[in-house]
Amino acid sequence: MTVLLQATGVRVRLGRRDVLDQVDLSVGPGWTALVGPNGAGKSTLLRALAGLQALANGRVTLGGLDLHAMRPADRARHLAWLAQRGDVSGELTVRETVELGRIARLGLLGTPDAGDRTAVDRAMGLTECTPWQTRRLHDLSGGERQRVLLARVLATEAPLLLLDEPTTHLDAPHQVALARLFRRLAHDPQQPQAVLTVLHDLPIALQADRLLVLEHGRLRADGSPTDRKLQAVLAEVFEGAIRIETGPGGRPRVALALDDG
Amino acid sequence: MSASLHAALPMIDRADDPDASRRRRLAVWMLVAIVIGLAAGLATGPAGFSPSALWTDLQGHDATLLLGQIRAPRTLGAALVGALLGLSGALAQGLFRNALADPYLLGSASGAGLGVVLVLAAASLGGGYVSLSTVVWIERVGLVSAAFIGALAGVAMTLSLARGAVQTLRLLLAGVVVGVLLGAISDLITVASPDALRGKQAFMLGSTSFLGWSALALMAAGLALLLALSRRHARALDALTLGEDSAVSLGLDLGRVRLVLVLMLSLGTALAVSQAGLVAFVGLVAPHLVRRHAPGRHGWLLMASAGMGASLLLAADVISRALVAPEELPVGVVTAVLGGGYLFWLLRQRTSS
Amino acid sequence: MSLLPTPRRALLLALRMMAVLAVQAVAGMGLTAQSALAQAIVVRDDRGTEHRLAAPPQRIVSMLPSLTETAWVLGIGSRLVGVDRYSNWPADIAGLPHLGGLDDAQIEAIAALKPDLILASTSSRAMERLEVLGFTVVRLKSDSHADMRRSLDLVARLLGTPDEGRRVWARLMREIDAAAARVPPALRGQRVYFEIGGGPYAAGAMSFVGETLTRLGMANIVPPDLGPFPKLNPEYVVRAKPDIVMGEQRDLAALTQRPGWDALVAVRDQRLCGFESAPYEMLVRPGPRMGEAAGLLADCLIRLGATGRQ
């Protein structure tokens with residue numbers, strides 16, 4: 001795997017607590033899902049990988065260069081980050097919001113050209129936002145807004161996408177559509193992207209190529225969703241509330257352990 | 001040059017955006033309002049709003065003095081002060097991502113007030129508490145420069161207290177602290193010198209009576225500079241609407257951008273306040289009105305707020321001069337009544353719907 | 001010798017007189033012309049600015065009530081074309097345009113009057129603007145008796161009658177001394193607390209009214225080193241135990257209600273001088289009615305003396 005992003009011995013301290021401790025991982029092309037119980041530190045890890053969180057210890061490197069030493073403008077060309085909670089003021093139109101993604105390439109002063117317009121159109125197409133591109137964000141529902149913000153990230157055309165809970169607010173059909181999208185982006189023959197998604201949604205997470213299981217700030221497992229050992233760790237980490245089964249075609253399925261014990 | 005102009009310019013002529021026509025319409029209305037405001041201002045003198053008196057005055061031989069040196073510059077000055085305040089208000093609201101932010105938040109108003117009080121008090125306390133040579137020096141500085149320097153000093157204090165523009169919340173808190181502190185010092189000085197109190201009162205209420213051509217040149221230069229800088233940073237303000245972290249992830253050097261925005265809004269506020277005193281509400285209401293009736297990106301919003309501010313203050317100035325002619329109402333009182341009234345009405349609409 | 005001149009002598013006499021008159025007239029005109037040219041009026045105002053006027057100004061605006069009164073007493077008459085909002089004496093000026101205060105002066109209205117002289121106080125943005133527009137603004141301080149005397153001289157010179165200032169000052173001093181002579185000897189040296197409304201601010205010995213009181217032979221509980229109008233801690237006043245309390249009539253009623261103040265001898269024994277607003281204004285305004293003001297103070301002191309209690 002071509003390693004795009006590497007984290008070594010990452011430790012993050014917030015207040016008096018070690019929110020992340022001794023995290024080592026590498027990210028390359030493919031779809032990786034980061035899962036774990038509440039408070040595991042998933043969002044914090046994603047922010048640290050995006051260069052938005054100061055590290056108490058360890059480093060994160062992007063293509064060999066220390067991420068935190070890089071200028072934000074250089075970082076933005078290589079990775080894009082989607083926030084978990086949209087802190088968005090919502091006054092821009094859908095198209096204008098998605099266009100903001102191009103700042104990663106254009107900077108504050110660059111003139112948008114045809115390539116930029118194509119990237120914006122493509123991003124809106126992938127997330128099915130095109131029909132409402134002239135509507136303002138605050139007029140949209142939570143789910144629709146979520147898709148627009150994702151489109152904004154896709155418009156950056158960054159090789160590495162760090163998405164924090166991109167499927168919240170979305171209904172089942174759209175969740176499935178997104179899962180398919182992540183797979184497509186990750187396996188694109190020309191430009192395979194590295195898509196790292198924090199997901200609460202285990203059924204979707206299990207569709208990813210690779211699973212990272214985080215608990216109490218430590219990485220408990222790192223591997224394929226079909227790996228039995230990983231599945232056992234997963235069940236344990238979720239305190240026995242879930243059960244991983246193998247469905248048709250060998251694909252892992254998650255069931256809630258409501259009637260057991 | 002034209003390329004970057006195109007990039008930063010509002011895409012007003014986007015056929016696909018229904019709001020584009022609203023923006024066009026607002027732009028036309030504002031232009032009309034400014035032209036009418038300027039004409040009305042020229043026609044309003046000690047006899048109130050009176051185009052016939054204007055005609056007589058134009059033919060009299062004091063026309064150059066009365067109209068050229070007094071009425072014309074103060075009317076144009078009202079437009080410029082309004083534009084500076086509207087622009088600064090839009091910058092503050094974009095920077096702090098809060099529709100209730102106004103340009104006086106960072107200690108500029110209290111700093112300017114302190115500058116004014118110091119000059120006024122020096123004149124009356126001279127020989128007593130303050131040595132006469134200091135008094136002469138202070139008087140030479142003059143009220144306008146003292147207010148300008150005071151405004152910038154207030155912001156500098158806020159920036160140093162917040163240790164740079166790194167965190168928005170810290171900046172806001174520091175602004176409040178500095179405002180209270182400098183206001184308290186002003187009040188202390190006015191206790192020792194009742195003359196200063198009187199002058200401070202006049203400053204706090206705002207007035208366009210003292211604007212001359214040199215003041216205009218200064219403000220026009222400042223406005224031109226700020227408008228140019230606004231175009232460069234409009235996209236940054238747009239990115240900020242996504243949230244601060246998202247803006248950083250897009251490559252924005254947030255600390256530097258914030259610092260530049262703070263300096264821009266301080267310059268605009270300092271220029272306006274030093275010339276016309278503390279005119280209330282224009283900085284708050286102008287961007288608000290633009291967003292409500294013709295929303296768009298910051299490339300449009302910043303310029304339109306300047307235009308809206310100019311229209312509002314021109315109207316308020318004419319009212320302040322015409323209502324109780326030959327006396328004048330302080331223009332800040334008119335803007336407070338109109339601005340406050342508008343916000344009150346708006347709130348009632350929102351809560352009843 | 002015959003007292004009745006012969007017709008020829010009478011004619012010669014007449015001719016001679018006419019000749020003398022003619023020469024004197026011509027000489028007189030020449031002298032006036034000379035003095036007008038040679039004696040351009042040069043004054044240095046209280047801001048240190050020197051003003052040169054080719055001739056005594058004929059259209060004067062006054063932006064301070066005390067200066068309005070001073071100018072009136074010095075005979076400005078119809079040369080006064082505009083006053084400020086607060087000028088209210090004498091009644092003759094009621095018909096004049098009132099042009100706002102020092103801070104919100106109506107620039108355009110003042111300019112429309114085309115004044116060749118504006119009298120104002122020392123600091124004001126409006127006056128700066130008028131100066132920039134080319135008007136002559138003479139800035140005068142009027143806080144103390146000394147200021148008053150200087151203003152009298154200066155304004156008199158500006159009006160072209162330089163001796164009048166000295167004469168008016170002398171008259172004022174005579175009036176004050178006459179008032180002082182009427183103060184009952186038993187009351188002399190008693191300590192006065194003069195309150196200026198809204199504070200309480202006290203009129204100290206250094207203030208204008210304080211100086212008048214001193215000339216009348218009274219003492220002040222506020223020494224000069226506290227400045228002209230200190231805002232006192234009420235405790236200070238109670239401790240100082242003034243013999244007489246003076247102030248505006250409507251403030252005195254509230255004053256006696258203040259906590260601890262009923263212990264004051266002055267309050268208990270009603271050693272109070274309350275003045276209605278018009279006379280009060282005259283007392284605290286540093287203007288040319290200070291002689292009359294001194295008289296009012298003396299009247300009150302006499303009244304207090306007559307009640308018998310010391």
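Me: Which residues does L161(A) touch, not counting those up to four places away in sequence?
Reply: Touching means being in contact, with C-beta atoms, placed from the backbone, within 7 Å. Leaving out residues up to four places away, L161(A) touches A80(A), V153(A), Q193(A), A194(A), V195(A) and L196(A).

Me: What pLDDT do local features need here?
Reply: Residues are numbered from 1 along each chain as its sequence is written, while chains are lettered from A and ligands numbered from 1 in the order in which they are written. This is a predicted model, where totals for chains, interfaces and linings use all residues, side-chain atom pairs count only at pLDDT 80 or more, and local features need pLDDT of at least 70.

Me: Which helix gives the largest share of the largest nonpolar core?
Reply: A nonpolar core is a set of buried Ala, Val, Leu, Ile, Met, Phe, Trp, Tyr and Cys residues joined through C-beta atoms within 7 Å; buried means 20 or more other C-beta atoms within 10 Å of a residue's own, again placed from the backbone. This core has 274 residues, and L161(A), L162(A), V81(B), L84(B), L313(B) and L119(C) touch the most other members. The largest share is 17 residues, and the helix (a DSSP run of H or I, at least four residues, numbered from the N terminus) that supplies them spans residues 63-96 of chain B: α4.

Me: Which element gives the most to the side of chain A that touches chain B?
Reply: Here 27 residues of chain A meet 28 of chain B. That side of chain A divides into 16 nonpolar (Ala, Val, Leu, Ile, Met, Phe, Trp, Tyr, Cys and Pro), 6 polar (the others, Gly among them) and 5 charged (Asp, Glu, Lys and Arg) residues. With 4 residues, the element giving the most is α2(A).

Me: How many charged residues are on the side of chain C that touches chain B?
Reply: This contact takes 20 residues from chain C and 28 from chain B. Both α3 (107-112) and α4 (125-132) of chain C supply at least two residues of the chain C side. By class, that side has 8 nonpolar and 5 polar residues, and the charged count is 7.

Me: What is the distance between the centres of domain 1 and domain 2 of chain C?
Reply: An automatic or database assignment sets the bounds, giving domain 1 (41-160) and domain 2 (173-306). Their contact takes 11 residues from domain 1 and 8 from domain 2. Taken over C-alpha atoms, the centres are separated by 30 Å.

Me: How far does α8(B) reach from its first C-alpha to its last?
Reply: Helix α8 of chain B covers residues 194-205, 12 residues in total. Its buried residues include D195(B), K200(B) and F203(B), and just after the helix G206(B) takes a positive phi of about 80°. The expected span, 1.5 Å times one less than the number of residues, is 16 Å, and close to that is the helix's own reach of 17 Å.

Me: What radius of gyration does chain B have?
Reply: Chain B has 14 helices and 2 strands, and 56% of its 353 residues are buried. Its C-alpha trace spans about 65 × 55 × 50 Å along the principal axes. The globule rule, 2.2 Å times the number of residues to the power 0.38, with the radius taken over C-alpha atoms, puts a compact globule of 353 residues near 20 Å, which agrees with chain B's 21 Å.

Methods: Contact = placed C-beta atoms within 7 Å. Buried ≥ 20, exposed ≤ 12 C-beta atoms within 10 Å, placed from the backbone.
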